[in-house]
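Subject: Structure for you to look at

Hello,

Here is the structure I said I would pass on. Please open it next to this message and follow along; my notes come after it.

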Amino acid sequence: MITPGSTIGILGGGQLGRMLILAGRSLGYRFHVFEPSGPCAAGMVADLEVNATYEDEAALKQFAEGVDIITLEFENIPSAVIDRLSAIKPVMPGSRALHICQHRQREKDFLKESALPCVPFEYADSAASLKTAVEAIGFPCVIKTAAFGYDGKGQIKLNAPEEAADCDYLWNFLDNPPRVVVEKWIHHIGEFSVICARKADGTKSTFPMAENIHVHHILHASIVPARVTETTQAAGAELACRIADLLDVVGLIAVELFLEEDGRLIINEMAPRPHNSGHYTMDGCVTSQFEQHIRAVTDLPFGSTELHQPTVMINLLGDAWAEGQPDWAGLLSDPRVKLHLYDKGEARPGRKMGHFTVLGDAIDATLEAAEMHFKKL
């Protein structure tokens, strides 16, 4: 056990790291943050912020020697860095989970090899092979860069053959990537996610399934409990637990899912870290995803994931600042609203700047209230 009073190192300095620190403070932990570009949102609430590149071996060594364990708040970290740090201090989750989840080809191969439900897919590593892959999958389909894609970045949806006529143009549009994944477009009836926490001894705990609404490929709202059957919720939790075990995750794994019309769940993506769709847990659950992550990596007993009340989380992107500072007083005039701002500086379109949650007695009425508040900002 890593006892309270110990120091936890976090790779990455965004809002997820910030919220990990705020949750871990109440448990008595100290925090150091390693972030190549700073000052950062997590660093503002950390005991120490280190700003150096991932190629700076001396800085990485000094960072690792100053903490008791290391975790991460985003997965786009070179695997060589994890290997280097792991030789000095434990890194959680381990390099295997990170290696698989940070690259769509490895992620898809893992799902297929593990007999887990996923969409049909093909690979391409050139404009010429892209044409072959698209023809094999058919239409509609979506092209995704294999590495470093999130929030819809590095993706193109093709609806008809004529849109795939010029594969050279498509390849250039994606900035000549080393490799892409071509997936069948799923005509799903909803997008959902389940977060599973796992400790080194295999003990697991799942959070209630979230029903997610995306706008322009970016999460807009999470609705909990998800408006699906108990059977579907249980199936989602089972898949998340199975993946956590197969990847030997220590910490959190978020599993994004599509629900098909026949009731079958299809795994879309995975993230071995706290997740945007789990922000509702900060106010909606007895224990937040962030506190549960800290408990997992330090080997403390898990907290309850029981839902207090139906909860809706709304993402706040930089677009909300287009006409100046949003009306926070108006938003908070509803005593059921809880506001979380990330102190990230410039509010750019599409940039995640904060979120708010609304708790209520009935999920549909709570969603209606949350959307009304969002429109008034």
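**Helix H2 and the sheet under it**

This is a predicted model. Helix H2, residues 57-65, lies across strands S1 (7-11), S2, S3 and S4. Relative to S2, the helix runs at about 170 degrees.

Those strands form an open sheet of 4 strands in the order S3-S2-S1-S4, and the pairing is parallel. Strand S3 (48-50) and strand S4 (69-72) are at the edges; each has a single partner strand, so one side of each has no neighbour in the sheet. From one strand to the next, the twist averages 25 degrees.

Look next at S2, which covers residues 30-34 and is joined to S3 by 3 bridges. One pair to find is His32 and its bridge partner in S3, Leu48. As a general point, side chains in a regular strand alternate between the two faces of the sheet.

**Antiparallel strands**

Further along the chain, the pairing to look for is antiparallel. Strand S9 (residues 190-198) pairs with strand S11 (residues 210-215) in this sense over 3 bridges. Ser193 has Ala210 in S11 as its bridge partner.

S11 also pairs with strand S12 (residues 218-224), again in the antiparallel sense, over 5 bridges. In this pairing Glu211 stands opposite Ile223 in S12. S11 and S12 make a hairpin with 2 residues between the strands, and His216 there takes a positive phi near 55 degrees.

**Cysteines**

How many disulfides does the structure hold? The count is 0. Cys141 is in no disulfide, and the nearest cysteine sulfur to its own belongs to Cys167, 9.5 Å away. Why is there no bond from Cys167 to Cys141? The 9.5 Å between the sulfur of Cys167 and that of Cys141 is too far for a bond; the cut-off used for a disulfide is within 2.5 Å.

Are these two cysteines buried or exposed? Cys141 is buried, because its relative accessible area is 0% and the cut-off for buried is under 20%. Cys167 is buried too, with a relative accessible area of 7%.

**Thr132**

For contrast, find Thr132 in helix H6, which spans residues 127-137. Thr132 is exposed, because its relative accessible area is 53% and exposed means over 50%. Thr132 and Glu183 are 51 residues apart in sequence, and their C-alpha atoms are 13 Å apart in space.

Regards

Conventions:
Residues are numbered from 1 along each chain as its sequence is written. This is a predicted model: local features need pLDDT of at least 70, side-chain atom pairs count only at pLDDT 80 or more; totals for chains, interfaces and linings use all residues. Side-chain values use heavy atoms; hydrogens and water are left out. Two strands pair if DSSP finds at least two bridges between them. Axes are lines fitted to C-alpha atoms, for helices over the stretch in contact, and angles run from 0 to 180 degrees between N-to-C directions. Contact means heavy atoms within 4.5 Å. Buried means under 20% relative accessible area, exposed over 50%, partly exposed in between (1.4 Å probe, protein chains only).
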